[in-house]
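Take a moment with the sequence and the model. The paragraphs below walk through the fold, starting from a single residue and ending with helix packing.

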Amino acid sequence: MKVLTFGGAGFLGSSLDKEFKKNNIENFVYDNLLTGKRENIDIKTHFINGDISDIKQIEKYFLSIKPEIVIHLAAIHHIPTAESNPLNTIETNLKGTSNILEILSKNNFQGRFGFASTGGIYKDIGNNPLTENSEIDPIGIYPLSKYFSEKIIDYYVKSGKANFKTTNFRLFNLVGKSETNDHLLPAILKQIYKGDNVSHGNLKPYRDYVHVDDVSSLITLWILDKSSKPIPQNMNVCSGKHFSVNEVINICAKVTNKEIRFIFDEKRARKTDRLFQLGSNQLAKNRYSWNLKKDLKIGIKDLWEDILSHQ
């Protein structure tokens, strides 16, 4: 089986590459390496240095590879980067998605298309689990770009332009090694490595963290699924447990065996943020018998060991 993975040299892509190797899935990675790294994926993995803004290049390699599965992970998703240049984020994320869909449509692709969306598209409903049917209300340019990408996918499906099956993987907060963006956990752990003080913004927000390897396991189950049942159009990818920033820092202290002094940094406090983000993973569990094997503490330990190994 051939899989074409756009953005496949990044955080999730590197974990997927390992999972694909275990399951004899032939992986073709298409990445511009702006945030991804070639060393993140196996030296034997097919690699294409390409950009999702280049529709001619996408078509060239799509026709050459003839994949049965296409997975779209490529995007600007580091929140500060996205917020600092909204126009570039919109253009990259929406145009890239549109380019890929247009090539699949034009060339009558009939396989499966998996899109990396985000749990950030949901409305904050407080300390209650978000299901795939929860109300949508994205806050911030990144979740907005993912929401509109989902709507573009929906247009291709409903208009009949898409002869392929699609699933939006609504990813919550991924944790584990080979992180390629300076999100909360790598930012905290890198500060701990340099000293013992942690500078951050608000400690109150709760987030649902899921290990990147568990995410890869679910996506691989989706790829290998031979059931006659329709694949889910939208699927939460989360742990079903959430932690405050303060709780995350405490776990980091235990994992690193450091006493941490917290320093509030107003510059790091987001102007627009939600207090709660807890996902329900019941659909994924019921549909694919998905079992999570690694919790937040393991994810932090994996990331910490990865940081130490690269110093």
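Is N108 buried, partly exposed or exposed? The model here is a predicted one. In it, N108 has a relative accessible area of 39%, so N108 is partly exposed. The residue lies in the loop between helix 4 and strand 5 (112–118). Its backbone deserves a look as well. N108 is not a glycine, yet its phi is positive, at about 55 degrees. Most residues other than glycine have a negative phi.

Two further residues belong to this topic. S289 also takes a positive phi without being a glycine, at about 50 degrees. S289 sits in the loop between helix 9 (282–288) and helix 10. Its relative accessible area is 56%, so S289 counts as exposed. N24 comes just after helix 1 and has a positive phi of about 55 degrees.

Now step back to the whole chain. The secondary structure consists of 10 helices and 12 strands. Along the principal axes, the C-alpha atoms fill a box of roughly 55 × 40 × 40 Å. What radius of gyration goes with a chain of 311 residues? A compact globule of that length would come near 19 Å, and the protein chain has 19 Å, so the two agree. Burial can be put in numbers too. Of the 311 residues, 54% count as buried. Contacts reach far along the sequence. Among contacts with a separation of 6 or more, 81% join residues 24 or more positions apart.

Helix 1 gives a local view of burial. This helix spans residues 11–22 and is mostly covered, with nine of its 12 residues buried. Those buried residues are F11, L12, G13, S14, S15, L16, D17, E19 and F20. What covers them? The cover includes strand 1 (2–6), strand 2 (26–31) and strand 4 (69–72). It also includes strand 6 (165–171), strand 7 (173–175) and helix 7 (212–224).

Next, look at how helices pack. Two packed helices are described by the angle between their axes and the distance between the axes. Start with helix 2 (residues 55–65) and helix 4 (residues 86–106). Their axes are 9 Å apart, and the packing angle is about 45 degrees. Oblique angles include those between 35 and 65 degrees, so helix 2 is oblique to helix 4. The crossing of helix 2 and helix 4 is right-handed. On the helix 2 side, I55, I58, E59 and F62 make the contact; on the helix 4 side, N99, I100, E102, I103, L104 and K106 do. By class, this contact of helix 2 with helix 4 has six nonpolar, one polar and three charged residues.

E59 is one of the charged residues in that contact. How accessible is E59? Its relative accessibility is 16%, so E59 counts as buried. The cut-off for buried is under 20%. Leaving out residues up to four places away in sequence, E59 touches I103, K106 and N107.

Helix 3 (residues 79–84) holds T81. With a relative accessible area of 39%, T81 is partly exposed. Leaving aside neighbours within four places in sequence, T81 is in contact with I76 and T89. Y142 is 61 residues from T81 along the chain, and their C-alpha atoms are separated by 9.4 Å.

A second helix pair closes the walk: helix 6 (residues 184–194) and helix 10 (residues 296–309). At what angle do their axes cross? They come within 10 Å and cross at roughly 50 degrees. Helix 6 and helix 10 are therefore oblique to each other. Their crossing is right-handed. From helix 6, the residues in contact are L185, P186, L189, K190, I192 and Y193. From helix 10, they are L296, I300, L303, W304, I307 and L308. By class, the contact of helix 6 with helix 10 has 11 nonpolar, no polar and one charged residues. The charged residue is K190, in helix 6.

Technical notes:
Residues numbered from 1 in each chain as written. Predicted model: local features only at pLDDT ≥ 70, side-chain atom pairs only at ≥ 80, totals over all residues. Heavy atoms only, no water. Axes fitted to C-alpha atoms, helices over the stretch in contact; angles between N-to-C directions. Helix = DSSP H or I, 4+ residues; strand = E, 2+ residues; numbered from the N terminus. Parallel < 35°, antiparallel > 145°, perpendicular 65-115°, else oblique. Left-handed = near helix turned anticlockwise from the far one by under 90°. Contact = heavy atoms within 4.5 Å. Rg over C-alpha atoms; globule rule 2.2 N^0.38 Å. Buried < 20%, exposed > 50% of the residue type's maximum accessible area, 1.4 Å probe, protein only.
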